[in-house]
Amino acid sequence: MIIIDAHIHFSRIASFKDAASHGSGCDYSLAGLQTEITRNHVSVVVGMGLQESLPYAFPDAAAPNPMGLDLSDSWPEELYSCPGINPYNLTKESLDGIEKALQFPRTVGIKLYTGYYPFYVTDPVYEPVYDLAARYKLPVLIHSGDTFSDRALIKYAHPLTVDELAVRHRRNTFVITHMGDPWIRDAGQIIRKNANVWTDVAGLLVGSRRYFEESANEPLILNEFRYALISAASWDKILFGSDWPLAPMDVYRDFVSKIVPDKHLENVLGKNALNLFGRISIR
Ligand SMILES: [Zn+2]
């Protein structure tokens, strides 16, 4: 089975390093990522571009544009990227830099950090980014739902906001990341209604192996996710992502295989991502 982890992190973000060392127990480094990829037979991982100008500045208005994957200078050959957008700095010059990043063969999408940055997805500031994404036929991945920072404003990250965006931008494809958790049923409805909206199931739970042993076996929690996925009725538009290093990859894949019915698992774990990310090819 082809496994594509469509949502990981590979950026020097102080709070992610802390979450890895004190929470998930992941080795958040180049070597740590390589070990995870090999051990779990993962064909491709897609990193969400993100940077901070100073430790603990994330979400950072002074971050560069686009934001990249700067955890190490070298990348595993399985790593692809979605450059991140800082909406405070969308000048003509930075848009040129973003366009250049989109031409890099390993760029497979663009990532917005709504909620972390207090702009709705329908804010005109993002229009040039949607134009670029449509021109390069790349999906726009949108942070949605709860945030990993108490300085974020989650009203901007509600998945319902993606409905209007999808209707207004038919030429674009959007991905509601984290299925808008905790508004997963709302996100499910947006995906079901709009052919150009997908979702990933990254970060629904985050933590250590031990935490997953407890929480990922709790029927109330599992059934909530199962219900949202089934009612979305869009098994060809749901992507596996682990949100590594916030959770170990194998533990997260086991959790996803509990909430996705067996007959759809092959699509969710890899095939759907191959369909969405046209630039990914597996030898
Ligand atoms: Zn993430």
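Of the 283 residues of the chain, 48% count as buried, and the model described here is a predicted one. The chain holds 10 helices and nine strands, and along its principal axes the C-alpha trace spans about 50 × 40 × 40 Å. A compact globule with 283 residues would have a radius of gyration near 19 Å, and the 17 Å of this chain agrees with that. Among the contacts between residues at least 6 apart in sequence, 77% join residues that are at least 24 apart.

## The two sheets

Strands of a sheet pair through backbone hydrogen bonds, either parallel or antiparallel. One open sheet here has six strands in the order S4-S5-S6-S7-S8-S9, and its pairing is parallel. Strand S4 (84-85) and strand S9 (238-239) stand at the edges with a single partner strand each, so one side of each is left without a neighbour in the sheet.

Another open sheet has three strands in the order S1-S2-S3, again with parallel pairing. Its edges are strand S1 (4-8) and strand S3 (79-82), each of which has a single partner strand, so one side of each lacks a neighbour in the sheet. Neighbouring strands of this three-stranded sheet are turned by 25° against each other on average, with direction ignored.

The table sets out three of the strand pairs, with the number of bridges and one pair of facing residues for each.

| Strand pair | Sense and bridges | Facing residues |
|---|---|---|
| S6 and S7 | parallel, three bridges | Ile 142 and Ile 176 |
| S7 and S8 | parallel, three bridges | Val 175 and Trp 198 |
| S2 and S3 | parallel, four bridges | Gly 47 and Ser 81 |

Two helices lie across strands of the six-stranded sheet. Helix H5 (residues 161-168) lies across S6, S7 and strand S8 (197-200), and runs at about 170° to S7. Helix H6 (residues 184-193) lies across S7 and S8, where its direction makes an angle of about 145° with S8.

## Strand S8 and the nonpolar core

In S8, Val 197 and Thr 199 point one way while Trp 198 and Asp 200 point the other way, and all of them are buried. Thr 199 counts as buried because 30 C-beta neighbours lie inside 10 Å. Leaving out residues up to four places away in sequence, Thr 199 touches Val 175, Ile 176, Met 179, Ala 187, Ile 191, Lys 237 and Ile 238. Thr 199 and Trp 235 are 36 residues apart in sequence, and their C-alpha atoms are 10.0 Å apart in space.

In soluble globular proteins, nonpolar side chains tend to be buried together. The largest nonpolar core of this model has 85 residues, of which Ile 142, Val 162, Phe 174, Ile 176 and Leu 239 touch the most other members. The largest share of this core, six residues, comes from H9. Apart from residues up to four places away in sequence, Leu 239 touches Ala 6, Val 175, Trp 198, Asp 200, Val 268, Asn 272, Ala 273 and Leu 276.

## Helix H2 and its two faces

Helix H2 (residues 30-39) has Leu 33, Glu 36 and Ile 37 as buried residues. These residues cover an arc of only 100° around the axis, which puts them on the same side of H2. An α-helix has 3.6 residues a turn, so residues three or four places apart point the same way. The face of H2 turned away from the buried side carries the exposed residues Ala 31, Thr 38 and Arg 39. The buried residues of H2 are covered by elements including strand S2 (44-48) and helix H9 (249-259).

Glu 36, which is found in helix H2, is buried because 22 other C-beta atoms lie within 10 Å. Once neighbours within four places in sequence are left aside, Glu 36 is in contact with Trp 244 and Met 249. Although Glu 36 and Trp 244 are 208 residues apart along the chain, their C-alpha atoms are separated by 9.4 Å. Just after H2, the residue His 41 takes a positive phi of about 55°.

Methods:
Residues numbered from 1 in each chain as written. Predicted model: local features only at pLDDT ≥ 70, side-chain atom pairs only at ≥ 80, totals over all residues. Buried ≥ 20, exposed ≤ 12 C-beta atoms within 10 Å, placed from the backbone. Arc of directions from axis to C-beta. Contact = placed C-beta atoms within 7 Å. Pairing = 2+ DSSP bridges. Axes fitted to C-alpha atoms, helices over the stretch in contact; angles between N-to-C directions. Rg over C-alpha atoms; globule rule 2.2 N^0.38 Å. Core = buried A, V, L, I, M, F, W, Y, C linked by C-beta atoms within 7 Å.
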